[in-house]
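Colleague: I would like a close look at a single part of this model, set against the chain as a whole. Please take it step by step.

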Amino acid sequence: MSAQTFPAQQQTPPGLTGEMRPRPDHGEDSYVGASRLEGRRALITGGDSGIGRAVAIAFAREGADVAIVYLPDEQPDADETCRLVEDAGRRCVLVPADLTVEDEARGAVRTAVDGLGGLDVLVNNAGFQMARRESVADITSEDLDRTFKTNLYALFWVTQSALEHLKDGSSIVNCSSIQAYQPSEPLLDYASTKAAINNVTVNLAAELAERGIRVNAVAPGPIWTPLQPATQPPEKVEKFGSDTPLGRAGQPAEVAHAFVFLASEQTASYVSGTVLGVTGGKPVF
Ligand code: NAD
Ligand code: MG
């Protein structure tokens with residue numbers, strides 16, 4: 001099999017779907033639901049694009065109403081995800097907010113819960129990375145703030161606020177990464193947040209078990225989303241995903257099934273504190 005390549009391209013963060021070549025596959029034409037999340041109410045951070053959009057489409061087709069949090073600059077992507085959720089006959093609540101600001105993160109959960117009339121599933125999917133080209137010396141405090149606040153602080157704030165509403169039978173799914181297991185040098189700070197997310201996932205699962213709330217994570221490998229052209233140099237984008245055993249990048253649609261599996265009581269009632277890899281063959285243990 002010849003290695004897949006992408007056209008060299010670059011965006012500024014957070015990046016938009018409409019500028020990507022080729023356009024990612026979020027399961028628009030392929031995802032078929034089976035009522036695995038019927039009547040559930042889900043909050044998906046970063047649900048405007050990429051993996052979050054694919055999860056929003058899948059959840060809606062499984063019968064869930066969905067709220068998505070995104071940055072105000074991403075309104076065009078959020079509008080498109082909303083249209084896809086509504087096309088599935090479900091409600092979509094749009095919540096623009098900067099999750100690196102505590103008040104906005106907590107306010108976003110309140111807005112989502114008000115709009116949905118409650119909450120059953122939380123997907124902590126928002127994330128930020130920036131490939132630093134040289135060494136650890138190049139990482140500024142500003143870089144650390146953005147990466148750690150988006151990937152970790154926000155996860156704590158959103159989870160704390162959501163737990164005021166989640167009840168027995170609810171579930172939390174965090175977004176980890178292959179970077180937690182096989183860190184790349186240019187993603188030093190980002191990779192460390194994903195290892196921390198794995199640790200939080202198993203620990204929180206133990207704490208919340210007595211409340212009947214399951215906590216798990218999905219660890220994607222290289223997935224074709226706006227995050228990549230927005231944060232990797234163009235020459236890396238060209239070969240993105242070709243170093244996996246399957247020899248290609250994955251599409252957001254191929255990751256969404258894992259989130260549905262972990263979120264649903266039908267399929268994962270005895271699954272908590274685990275990390276499910278969707279990596280094109282890279283090891284997650
Ligand atoms: P994406 O850019 O489509 O999604 C990331 C989203 O995070 C953005 O759409 C944005 O809405 C949100 N976000 C970022 N900063 C925010 C902030 N300050 N406030 C509010 N929202 C903010 O890219 P994606 O690849 O789908 O990323 C989703 C998750 O998947 C991230 O946690 C990422 O780390 C993880 N992941 C991605 C890959 C990959 O190869 N694409 C691999 C492993 C893990
Ligand atoms: Mg986006």
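To begin with the whole, what percentage of the 285 residues in the protein chain do buried residues make up? And then, where is the kink in helix α4 centred, and what covers the buried residues of that helix?

Modeller: This is a predicted model, and in it buried residues make up 53% of the 285 residues in the protein chain. The chain holds 9 helices and 7 strands, and its C-alpha atoms fill a box of roughly 45 × 40 × 35 Å along the principal axes. Because a compact globule with 285 residues would have a radius of gyration near 19 Å, the 17 Å of the protein chain agrees with that expectation. Among the contacts with a separation of 6 or more, 78% are between residues 24 or more positions apart.

Turning to α4, which spans residues 141–162, the helix has a kink of about 50 degrees that is centred on Lys149. Its buried residues include Asp143 and Thr147, which precede that centre in the numbering, and Thr150, Asn151, Leu152, Ala154 and Leu155, which follow it. Further along α4, Trp157, Val158, Thr159, Ser161 and Ala162 are also buried. As background, an α-helix has 3.6 residues a turn, so residues three or four places apart point the same way. The cover over the buried residues of α4 includes the strands β1 (41–45), β4 (121–124) and β5 (171–175), together with the helices α3 (102–116) and α5 (188–208).

Technical notes
Residues are numbered from 1 along each chain as its sequence is written. Chains are lettered from A and ligands numbered from 1 in the order in which they are written. This is a predicted model: local features need pLDDT of at least 70, side-chain atom pairs count only at pLDDT 80 or more; totals for chains, interfaces and linings use all residues. Side-chain values use heavy atoms; hydrogens and water are left out. Helices (H or I, at least four residues) and strands (E, at least two) are DSSP runs, numbered from the N terminus. The radius of gyration is taken over C-alpha atoms; the globule rule is 2.2 Å times the number of residues to the power 0.38. Buried means under 20% relative accessible area, exposed over 50%, partly exposed in between (1.4 Å probe, protein chains only). Contact means heavy atoms within 4.5 Å. The bend at a residue is the angle between axes fitted to the seven residues ending there and the seven starting there.
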